[in-house]
Amino acid sequence: RVSLQNSSYKGPYCYQKLKEREPRASIRFKCALANTILDVLRQRPGWVEVKEEGEWDFYWCDVRWLQENFDHTYMDEHVRICHFRNHYELTRKNYIVKNLKRFRKQLEREGAKQEAARCDFFPKTFEMPSEYHLFVEEFRKSPGITWIMKPVARSQGRGIFLFRKLKDIIDWRKDGARPDDQRDEIQVENYVAQRYIENPYLIGGRKFDLRVYVLVTSYIPLKAWLYRDGFARFSNTRFTLNCIDDQYVHLTNVAVQKTAPDYDPEKGCKWMIQQFRLYLTAKHGAEVVELLFAEMDNIFIKTLQSVQKVIISDKHCFELYGYDILVDQDLKPWLLEVNASPSLTASSQEDYKLKSRLLEDTLHIVDMEARLTGKEKRVGGFDLMWNDGPVSRADGNVDSPGNGSFMANTHLGIWTQTRESHPGLSRVGRLGPRGKGELGRGAI
Amino acid sequence: MLRSDTGLSLTIAQIVQRLKGSSLHSQLERQARVSPLHRPEIKLESLKEDIKEFLKTSGRIVLTYLFLFICHIFQGSWEKRILKSLNSMCTELSIPLARKRPANEQKELLNKWNEMGTDEPDLSLFRPVYAPKDFLEVLMNLRNPNYDNGDQPSFRNHLGLIQVPLKIKDIPELKDYFSELDLNAGQLGIDDSTQVPPVLAEQDSAAAQQYVRQGCPTALRAELWALILNISNQSEDILYYEQLKSNVVQHDLLVDSLIYKDVKLTASNDDYYFVFEDYLYQVLLCFSRDTSVLEHFTYNSATPPKSYIRGKLGMEEYAVFYPPNVNFKIFILSVAPLCFLYHEPSKLYQIFREMYVRFFFRLHSISSHPSGIVSLCLLFETLLQTHLPQLFYHLGEIGAQPLRIAFKWMVRAFSGYLATDQLLLLWDRVLGYNSLEILAVLAAAVFAFRAVNLMEVTSLAAAEAVLADLSTLKVMPLLQIFLFATVT
C-alpha cells in the first residue's frame, strides 16, 4: 500500500489517500466512562460492547489506562483509541508553555515574524518553583496586577488561587504548600504562576469562558477538525476583582473558585456558542466578530503545531480536545487550557444532545466503518480546519493563505441545518440578492 | 358584572368615544351612506328587500359593536379580577400596595441599581396573580349572545374554542399580505454581508419597515428596529428614564415583589435570559411606574386604576397607578430578547415600551383588533381547521384542542420557545408588517410540520410532549411552506 505520506507531494490540499480497510462485520468496543459516550457507542449500529478481557477494535479509554498499558499493548492496524500517548505536552500548563515558547522561537528563526507574533495568546506563565526568579522579575515590571497560581495537572491538592503580593506566595511556600507527590513522575514543578486576565469581556456583568471542541486524527501530518457547536460557560456571580483580599486566598474561598478560569463547568449557566456569536455580532458588527473567531482559529492551529514534533503520532490514536478560551474586553481571545478529556457528562437535556452529536460525529470521522472517501471537508458538525496545511472554504482550486480571498473552512458558532428534516424543502442554495433569488442560506 | 345604569351609559359613551376614529366606525358610516334607505328616491317595491339588505350588512356591524361592548365588559371584569387579587394579597400579607422608601433604603437601591439580581428577598408568599391558561378560559367564555352564526358560512362550522365572529384573513389573503415571504424571495439569514442598506443612511422609517419584511442582518437589526419604532434616544428620553428610575428608588410597590419573583423564576429557568436578569429588573420596575403607558390602554375608566401611598389618601402627588398587567412573566419574555440588541438601559427601555405599546399589549387584553389575542386565536384555529381538518378533529376528540397548546406560544410572541436568532427573525416580520398575525400563522405552521406525530397521540399530555421543544425549528422555511407550498 502506498501512502501519500511517503511521497514528496505536499500541497495545502494533500488529501491523504485512505488506506484500504475492510468494512468489518461488527466493531467491538470498550468504554471506560459511564456517561454520554457509552450511550453513543451502544446505540451505534454494528458496534458491540465487549467485556473485561475481550479483544476490542475500539477503546474509549481513560488516561490512567493509557499510562499503564499503552506501551505494552499490541494493536492491529485498524484499532483505534481516543488518546495520544503523550497528550500532556498539550494539556499540562507548564508543557504547553514550553512548547509554545519553543515554537515561537522557531518561527522567528525561520523569518516568520508575523506568525511568531501571533503566538501571544497564552498569558505569561512561569513554572514554580524553577522559574521563580524569572517570575519575580516579571512581577516587578507590572506591580499591582493580579496573578493566578494553578497546579499543572488537575488539582487534587491545593488548587487555584489569586494573588497580588509576593508575600502571598512566600507564605504559601512556607505553609508546607507542596502537595503530596502525584503519581506520574514529573512533579518537581507542581504549579505555574500565570498572569490573570483582569479585563474579561462581560455579558450582563458576568464573566464567561468558551468551550470549543477540536478533533485531531493525526499529528504527522497534522489533520484537525473544528466543531461548529460549543458553549459559553457563565459564572453565577457578577464579576468583580474585589474578592481578592490582600491576604492569601485559599481554595476554600468559594468566591475565588468561581472567578477562577477553570471552576466546575457544571455550575453556572451555558449559552450555545451560536447565541454568543449572535450577541456579539449584534453589538459589534460582523467584521469584528469574524476577526475574533479567526484569532481563535489561530490559537487552535498554533497550539497543535507547537506540539507536532513532540507528540507521538501513533496511527491508532485520535483525540477530542476541549479548548477553554477567555475573551477580554478588547475582544482578544486567550487560551486558558486544553483538555484531553473534556467532560462528557451532560448537565441538561440540551447539553446531552450537543454532546451526543459531538461524539457521533467524532466516531463518523474516526470511521471504523470505512465509509469516508477522505476528501470530505465537513462531517456532521465538524469542519476540516487543517490538513497538512490550511483548508479553505472554497471548492476546487487553490487559494493560498496569503491571497486576500482565502477564507478558512471553519464555522464555529454558525447555526447549521437543523437535524429535523424539512419535507418539501429540498432547494438549498446560496443567498440570492434581495428580492428575487434562490432560497436564502439562512432560511435553512 | 354589569354596572348601574349611569355606569353603563358612561361605559357606552366611552366606547363610542373611543371608536369614533376607528375603522369600524367609518365602515358603519359608509354603510349608512350607500344604503338604499338613504337614497332620495326610495322604491316602495324594493323597500322590504332593501331593509333586509341593510339590516344584513349593517346588522353585522352593529353586532360587532355589541361584541366590542362585550369585550369591554370582559376586559373590565378581567381587570377587576386582577385588582381584587392584588388587593387581597396586600391584605393577607399586610403589605401596602405602595409605600415611600426611607432614605437609607433609597440610597442602597441606587447603589445596587445595576445588580439588583443579587438581592434575595423572601418572595415565597407571593403567588402569581394569574396564568395564561386562566386568560384562555376567559376568552373561551367570550360569546356573542343571540348571534346567529348562520350569516357567515365560514364561521358556521367553526369547532374551535374561540366562538366569536371576528373578521380574519384566509390563506389567499395571507399569501397576498405576506407576499414578501414567498418562496422565490430571498430571506436574510444571520450571517450575511452587512452592506448598509440605503434606508439606514437615509433614516427612512417607512422604507425600513418594508425592508425588514425579508429579515434583518444581525449587525444592523438594532438600528433598523429603532428606526422603525422612531426611537432616537434623545436627551429628553434619557431624562424620562432617569425620572422613572428615581420613582422606583423613592417608592416601593407591591407589584415590585411580583416583578422580582417573576424575574427570578424566569431567569433561573432560562439559560439564555438569566444573563440579563439585572436589565430585566431595571426595565420592568420603571415600566410599572410609567403612567404614559397606562393612559394608553385603559378601557374602563377615564383615568387608570390607582392607589395612594399609605397615609396620603386622596393626595394626587402620592397617587400610584396599577400597571396594565400583572403577569410579569409575559413582560419579561418580551424584554429579554431585546437585551440581545440594546445594551444601554434607557434605549432598551424606550424600545421595549414602544414594542409593548404597538404590539405586545394586544396579547394581554381583550379586543377585536386583528392583532389582538382573540383574533389571533381565531385565525390560528381557522387556519388549522381549514387546512388540516383531520388533525384538528383528531386533537379535539382527545381533549387536546390545538389552541390549548398554541395559546401560550402566541401570548408570549414565541419568546422562550424559539431559539433567539429565530425569534428575532420572527419579530422582524412583526415590525415589518406591523401586525401580530404572523404569530398565528407560525403556530399553525408548527402544527402542520409535526402533523404526522400529532396524528398518533392519544392524550393532551402526549400532544404537549410532541410540541414541547421548538428550539430547533427554523421559522422562515416553516412559514414559507405553510403559506406558499401547502396544497390546499
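**Exercise 1. Work out which residue stands opposite A:Lys223 in E16(A), then map the partners of strand E11 of chain A.**

This is a predicted model, so treat each step as a reading of predicted coordinates.

Step 1. Start at A:Lys223: the residue facing it in E16(A) is A:Asn387. The pairing between E11(A) and strand E16 (residues 382-387) of chain A is antiparallel and has five bridges.

Step 2. Now go to strand E10 (residues 206-218) of chain A, which is joined to E11(A) by 10 bridges, again antiparallel. Four residues sit between E10(A) and E11(A), and the two form a hairpin. Within this pair, A:Arg211 has A:Phe231 of E11(A) opposite.

Step 3. Follow A:Phe231 to another strand: its bridge partner in E12(A) is A:Met272. Strand E12 (residues 270-272) of chain A runs antiparallel to E11(A), with three bridges between them.

Step 4. Check the cover. Strand E11 (residues 223-238) of chain A has 14 buried residues out of 16, so call the strand mostly covered.

**Exercise 2. Sketch the open sheet that holds E5 of chain A, and say which strands stand at its edges.**

Step 1. Write down the order: E5-E8-E6-E7 in chain A, four strands with antiparallel pairing.

Step 2. Look at the ends. Strand E5 (125-128) and strand E7 (161-163) of chain A have a single partner strand each, so each has one side without a neighbour in the sheet.

Step 3. Add the twist, which averages 25° from one strand to the next.

Step 4. Zoom in on one pair. E5(A) meets strand E8 (residues 191-195) of chain A through four antiparallel bridges, and A:Thr125 has A:Gln194 of E8(A) opposite.

Step 5. Place the helices. Helix H4 (residues 93-109) of chain A packs on the sheet and touches E5, strand E6 (147-151) and E8 of chain A, at about 130° to the direction of E5(A). Helix H6 (residues 132-141) of chain A also packs on the sheet; H6 touches E5, E6, E7 and E8 of chain A, at about 145° to E5(A).

**Exercise 3. Find which residues have the most contacts inside the largest nonpolar core.**

Step 1. That core has 227 residues, and the list you want is A:Phe58, A:Trp271, A:Phe276, A:Tyr323, B:Trp409 and B:Phe447.

Step 2. Ask which element gives the largest share: helix H21 (residues 437-449) of chain B, with 11 residues.

Step 3. Take A:Phe58 as a case. Beyond four places in sequence, A:Phe58 is in contact with residues including A:Ile27, A:Trp47, A:Arg80, A:Phe318 and A:Met368.

Step 4. Don't miss the other core lying apart, with 15 residues, among them A:Phe126, A:Tyr132, A:Val136 and A:Leu166.

**Exercise 4. Decide whether B:Gln243 is buried, partly exposed or exposed.**

Step 1. Locate B:Gln243 in helix H11 (residues 235-250) of chain B.

Step 2. Its relative accessibility is 46%, so B:Gln243 is partly exposed; the exposed class begins over 50%.

Step 3. For context, 57% of the 488 residues in chain B are buried, and chain B has 24 helices and four strands.

**Exercise 5. Pick out stretches of chain A where pLDDT stays under 50.**

Step 1. Begin with the average for chain A: a pLDDT of 78, with 73% of the residues scoring at least 70.

Step 2. One stretch is residues 245-259 of chain A, with 30 contacts beyond four places in sequence. Residues 418-444 of chain A also stay under 50, and have 63 such contacts.

Step 3. Don't read predicted coordinates in detail where pLDDT is low.

How values were computed. Residues are numbered from 1 along each chain as its sequence is written. Chains are lettered from A and ligands numbered from 1 in the order in which they are written. This is a predicted model: local features need pLDDT of at least 70, side-chain atom pairs count only at pLDDT 80 or more; totals for chains, interfaces and linings use all residues. Side-chain values use heavy atoms; hydrogens and water are left out. Buried means under 20% relative accessible area, exposed over 50%, partly exposed in between (1.4 Å probe, protein chains only). pLDDT is the predictor's confidence in each residue, from 0 to 100. Contact means heavy atoms within 4.5 Å. A nonpolar core is a set of buried Ala, Val, Leu, Ile, Met, Phe, Trp, Tyr and Cys residues joined through side-chain atoms within 4.5 Å. Two strands pair if DSSP finds at least two bridges between them. Axes are lines fitted to C-alpha atoms, for helices over the stretch in contact, and angles run from 0 to 180 degrees between N-to-C directions.
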